[in-house]
Amino acid sequence: MPDVKPAPRWLRAANRAALALSRLGLAMGPVRVLTVPGRRTGKPRSAPVSPLTVGGGRYLVSALPDSDWARNVRAAGHAHLSRGRRREPVTLTEVTDSTLKEQVMRAYPREVPKGAPMFARAGITTSPDPDAFAAAAGHVAVFQIRPAPPARRNEDPP
């Protein structure tokens, strides 16, 4: 596993700012707000994420596979992606196929160019290069995004 550095101290403040701006509907590239029920409390928990499209499928990457949002997604399996007032109910399934994970990771620097350098600064990848991202595929969590089934759409939002 790569030598992952602790999350930078400024990351929490940056995430809060990204959440606030996204909720106002201000475009920040591909950034959306992921809202998922907390795995212990069931209360809605939000995090800024950058969905990407690879081969017609949509995905989320958690650089830290044990991050709170990734653990909450594993527990709940469903969430909402939003930007401004637009909320999209989704189901999220963790990708276990190593080839697909490599494809998603290889596409990340192209699809999320402003997010890619953070992976290198955190020690997840050696550089913001597609080959370095593909090499790190075994050390991150990748989730496939699908529309929520109709029954889930009628439930209260997380």
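The following exchange concerns a pocket, a surface patch and several salt bridges in a predicted model.

Colleague: Why is Glu 88 called buried?

Modeller: Glu 88 has a relative accessibility of 17%, and buried means under 20%. Glu 88 therefore counts as buried.

Colleague: What makes the contact between Glu 88 and Arg 58 a salt bridge?

Modeller: The closest N and O atoms of the two residues are 2.8 Å apart, and the cut-off is within 4 Å, so the pair qualifies. Glu 88 lies in strand E6 and Arg 58 in strand E4 (residues 57-62), so the salt bridge ties together parts that are 30 residues apart in sequence. Side chains of opposite charge can pair when their charged atoms come close.

Colleague: Why is Arg 58 described as buried, partly exposed or exposed?

Modeller: The relative accessible area of Arg 58 is 29%. Partly exposed covers the range between under 20% and over 50%, so Arg 58 is partly exposed.

Colleague: Which residues line the second largest pocket?

Modeller: Both Arg 58 and Glu 88 belong to the lining, together with Pro 30, Arg 32, Pro 51, Leu 52, Thr 53, Leu 81, Ser 82, Arg 83 and Arg 86. The pocket holds about 190 Å³ of space. By class, the lining has 4 nonpolar, 2 polar and 5 charged residues. Strand E5 (78-83) gives the largest share, 3 residues.

Colleague: How do you know that Arg 74 and Glu 94 form a salt bridge?

Modeller: Their N to O distance is 2.7 Å, which meets the limit of within 4 Å. The pair links distant parts of the chain, with Arg 74 in helix H2 (residues 68-76) and Glu 94 in strand E6, 20 residues apart. Arg 74, at 36% relative accessibility, counts as partly exposed, and Glu 94 is partly exposed at 31%.

Colleague: What makes Arg 110 and Glu 111 a salt bridge?

Modeller: The N to O distance is 3.8 Å, and the requirement is within 4 Å, so this pair also qualifies. Arg 110 is exposed, with a relative accessible area of 60%, whereas Glu 111 is partly exposed at 31%. The whole structure has 5 salt bridges.

Colleague: Why does Leu 24 count as exposed?

Modeller: Leu 24 has 66% relative accessibility, and exposed means over 50%; Leu 24 therefore counts as exposed. Leu 26, at 44%, counts as partly exposed. Leu 24 is found in the loop between H1 and E1, as is Leu 26.

Colleague: Which residues make the nonpolar surface patch?

Modeller: Leu 21, Leu 24 and Leu 26 make this patch of about 290 Å². The values for Leu 24 and Leu 26 satisfy the requirement of over 30% relative accessible area.

Notes
Residues numbered from 1 in each chain as written. Predicted model: local features only at pLDDT ≥ 70, side-chain atom pairs only at ≥ 80, totals over all residues. Heavy atoms only, no water. 1 Å grid on protein atoms, 1.4 Å probe; cavity = no way out; pocket = protein on both sides within 12 Å on 5 of 7 lines; lining within 4 Å. Points joined across faces, edges and corners; volume = space filled by probe spheres on them. Helix = DSSP H or I, 4+ residues; strand = E, 2+ residues; numbered from the N terminus. Nonpolar A, V, L, I, M, F, W, Y, C, P; charged D, E, K, R; others polar. Patch = residues over 30% accessible without salt bridge, like charges linked within 9 Å, V, L, I, M, F, W, Y side chains within 5 Å. Areas by Shrake-Rupley, 256 points an atom, 1.4 Å probe, with all protein chains shown as cover. Salt bridge = Lys/Arg side-chain N within 4 Å of Asp/Glu carboxyl O. Buried < 20%, exposed > 50% of the residue type's maximum accessible area, 1.4 Å probe, protein only.
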